[in-house]
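Could you walk me through this model in the viewer, stop by stop? I would like to know what to select next and what is there.

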Amino acid sequence: MLCAIALLVAGSTPVESMSAYFPVVPGSSWVYQESNGTIEGQVEDKVLDPVEIGGETAYPITVNRQGKELDRAYYQVGASQVAIVAFEKKEPLTSPYPIIMNPDVKSHWEHKGDTMMLGAPADLRMTGSAKYGKEETFAGEKIQTLEVTLKATILEKFGTPIETTQVAVYGKGVGLLRMEATTKRKVGTEHSSRKLIAYRQKQN
């Protein structure tokens, strides 16, 4: 997908922007093989032109299957973090929540706020951790990786809590390489995954 965490002092090494691991160049897209246990197939994420939300620049990213938009979220990307700020442009979240944090700034974090579940507001309680991983090869090139683990509890207004654990690996200069998630609901446990097939980068 904001409060900046200022831990740098004069003369220290500059913090690398998280846009290196979450590029948001309008027109770029990623194709993933996606599975959630019942549906398996390819989806395409697309970056649209930026908009202003809460006085800050936000980038819409849509999830599409067979040319049809399935989902959309708005992201703010900075040096210290990547955060989701809205799912509807005119209905920003009261407290944007970080999905990536720069390990050089803060490797563990907690968040309490709101999100959307099936089109309705829901309370969100989340913890996260981020660390640099090993180099991996994508499209014939070696790239640095960043691993982010998110554990969240979503409290629907008239439902039982939903618990989810997600481990995502991002590649420098590429974005999300793969993701594994486990979601526990009252009706059972669901496993889902994403794996990058192709990245089409729009040139500035």
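Here is a short tour of aromatic rings and two arginines in this predicted model.

**Aromatic pairs.** Start by colouring the aromatic side chains: the count of aromatic pairs comes to four. Select Y21 and Y132, whose ring centres are 6.2 Å apart; with their planes at 45°, between the 30 and 60 degree cut-offs, the pair is tilted. Zoom out a little and you will see that this pair links distant parts of the chain, 111 residues apart: Y21 belongs to the segment before β1 (29-35), while Y132 is in strand β9 (residues 120-132). How buried or exposed are the two partners? Y21 is buried at 1% relative accessibility, whereas Y132, at 31%, is partly exposed.

Next, select W30 and Y199. Their ring centres lie 5.4 Å apart and their planes are at 15°, so this pair is stacked. Here, too, distant parts of the chain are linked: W30 comes from strand β1 and Y199 from strand β15 (residues 188-200), 169 residues apart. Both W30 and Y199 are buried.

**A cluster.** Now pick F22, Y75 and Y170 together; these residues form one aromatic cluster.

**Two arginines.** Move on to Y32 and look at its ring: the charged end of R194 sits over it, 4.6 Å from the ring centre.

Finish at R185, which you will find in strand β14 (residues 175-185). R185 has 36% relative accessibility and therefore counts as partly exposed. Add E163 to the selection: its C-alpha atom is 6.9 Å from that of R185, with their positions 22 residues apart along the chain.

Definitions and conventions
Residues numbered from 1 in each chain as written. Predicted model: local features only at pLDDT ≥ 70, side-chain atom pairs only at ≥ 80, totals over all residues. Heavy atoms only, no water. Helix = DSSP H or I, 4+ residues; strand = E, 2+ residues; numbered from the N terminus. Buried < 20%, exposed > 50% of the residue type's maximum accessible area, 1.4 Å probe, protein only. Phe/Tyr/Trp six-rings, centres within 6.5 Å; stacked < 30°, edge-to-face > 60°. Lys NZ or Arg CZ within 6 Å of the ring centre and 35° of its normal.
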